[in-house]
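Hi,

Here is the structure I promised to pass on. Have a look at it first, and my notes follow underneath.

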Amino acid sequence: MPLLADYAITPDVFDVTSYSHPDACDAELRNLKEVMLDEGLIRDLRAGEWRRLFMSDGRPWHRRGKELLKKLAQQNRLVPFPPTAGSSPPDDSAWCQEALGTHAIIPFTGGVIVREPVKAAFPDELLVARIDRLASARWWAARSPSVSLHRNVAEYLEQLAPVSRCANSLMFIDPHLDPARPGYRDFAQILAPAGRRTPAAAIEIHRVCYEGSGPGRVFPMRAEAGYFERRFRDALQASVRAVGLRVEVFVWDDFHDRHLISNLIGISLPNGFDTTADPSSVTRWTRLGREDRDDVQREFDPASNRHALRQRFVIQ
């Protein structure tokens, strides 16, 4: 299961009267909030019609649910999906059916979260789970703060698909990232999905100003100031233009850790973004907490002065 997964939620989950007591509603929404704001995306069904339901006073929406919706919107975690049926869903079960219809467009990496009466209408549908019994849903139990991957572009793309599809910004932080090197020959494929949409994501790449390590370090910019710019342009410019991306590259004095940072999730990647043909080579990616994600983003802000910026250029 991806470190960032997507879900749908039927309206009854936010309706106080669908619970035995307001406190039960409060407790379930409190638990849901922690997951959704750290590792989730919510399908805004029927091109935003689902979200607009909660702007009406037709049903007693719980205060915590409205707060969660506001935060999801602020963090760009509501993902509009086009309608799959001709008319607006008249009830919660129909909203569940609408959500399941989107699964044929893009399969869920999570599932559909409902209350008991809606689940009763879909008793054998494994994608549908009651909010008070999420632990028994296979897709919910599969959530993890880390994931093991073979170091090939197919598994990288599968893991990053929700991020590439939905994030506003992506920072690829890898001290030795060089798309002209054989180990990074697949990097253009990793970038491409972030540009095959409107608007395209803002892309940053961060690497160091030297090659090699230890006593074997060399500093090619001393002999050729535009060394890294030439290598990045030669390797990436055609593919970046083809998908409508603008990529800003930052070359720093030194750093060691490797990350992917976006407005939706931060991931620690011990081996960075290089790939290998060795089928036995495995890496483990770990989701960062919000504070660590924000700290890494600040670390690579040129205004932070935590590293010395040696060069900066744009490819488009």
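The salt bridge count comes to 25, where a salt bridge is a side-chain nitrogen of Lys or Arg within 4 Å of a carboxyl oxygen of Asp or Glu. Before you read on: this is a predicted model, in which local features need pLDDT of at least 70 and side-chain atom pairs count only at pLDDT 80 or more, while totals for chains, interfaces and linings use all residues. Residues are numbered from 1 along each chain as its sequence is written, and side-chain values use heavy atoms, with hydrogens and water left out.

Back to the salt bridges. One of them joins Asp6 and Arg43, with 2.6 Å between the closest N and O atoms. Asp6 sits in strand E1 and Arg43 in strand E2, so this pair ties together parts that are 37 residues apart in sequence. (Helices, H or I with at least four residues, and strands, E with at least two, are DSSP runs numbered from the N terminus.) Are Asp6 and Arg43 buried or exposed? Both are buried, going by the usual split: under 20% relative accessible area is buried, over 50% is exposed, and partly exposed is in between (1.4 Å probe, protein chains only).

Arg290 and Asp38 make another salt bridge, at 2.6 Å from N to O. Here the link is between distant parts of the chain, with Arg290 in helix H10 (residues 290–299) and Asp38 in helix H1 (residues 22–39), 252 residues apart. Arg290 counts as partly exposed because its relative accessibility is 33%, and Asp38, at 26%, also counts as partly exposed.

H10 turns up again in the salt bridge between Arg306 and Asp295 (3.2 Å, N to O). Asp295 is in H10, whereas Arg306 is in the loop between H10 and strand E13 (309–315), 11 residues apart. Arg306 is partly exposed, with a relative accessible area of 42%, and Asp295 is partly exposed at 28%. There is also a network of salt bridges that links Arg115, Glu116, Arg130 and Asp132.

Next, helix H4 (residues 92–102). Its buried residues are Asp92, Trp95, Cys96, Glu98, Ala99, Leu100 and Thr102. What covers them includes strands E1 (5–9), E2 (40–44), E4 (112–114) and E5 (128–130), along with helices H2 (45–53) and H5 (116–121); contact here means heavy atoms within 4.5 Å. At the start of H4, a side-chain oxygen of Asp91 comes to within 3.3 Å of the backbone nitrogen of Ser93.

Last, the cavities. How many are there of 30 Å³ or more? The count comes to 2. A cavity is a set of points on a 1 Å grid over the protein atoms alone where a 1.4 Å probe fits but cannot get out, and lining residues have an atom within 4 Å of a point. Grid points are joined across faces, edges and corners, and a volume is the space filled by probe spheres set on the points.

The largest cavity holds about 40 Å³, and its lining includes Met1, Tyr7, Glu39, Arg143 and Arg287. The second largest is about 30 Å³. Asp6 and Arg43 are among the residues that line the second largest cavity, as are Phe81 and Arg165. E2 gives the most to that lining, with 3 residues, and helix H7 (153–166) supplies at least two.

Cheers

Conventions:
A polar contact is a pair of N or O atoms within 3.5 Å; within protein, one must be able to donate a hydrogen and the other to accept it, and residues adjacent in sequence count only if both atoms are side-chain atoms. On a 1 Å grid over the protein atoms alone, a cavity is a set of points where a 1.4 Å probe fits but cannot get out, and a pocket is an open set with protein on both sides within 12 Å along at least five of seven lines; lining residues have an atom within 4 Å of a point.
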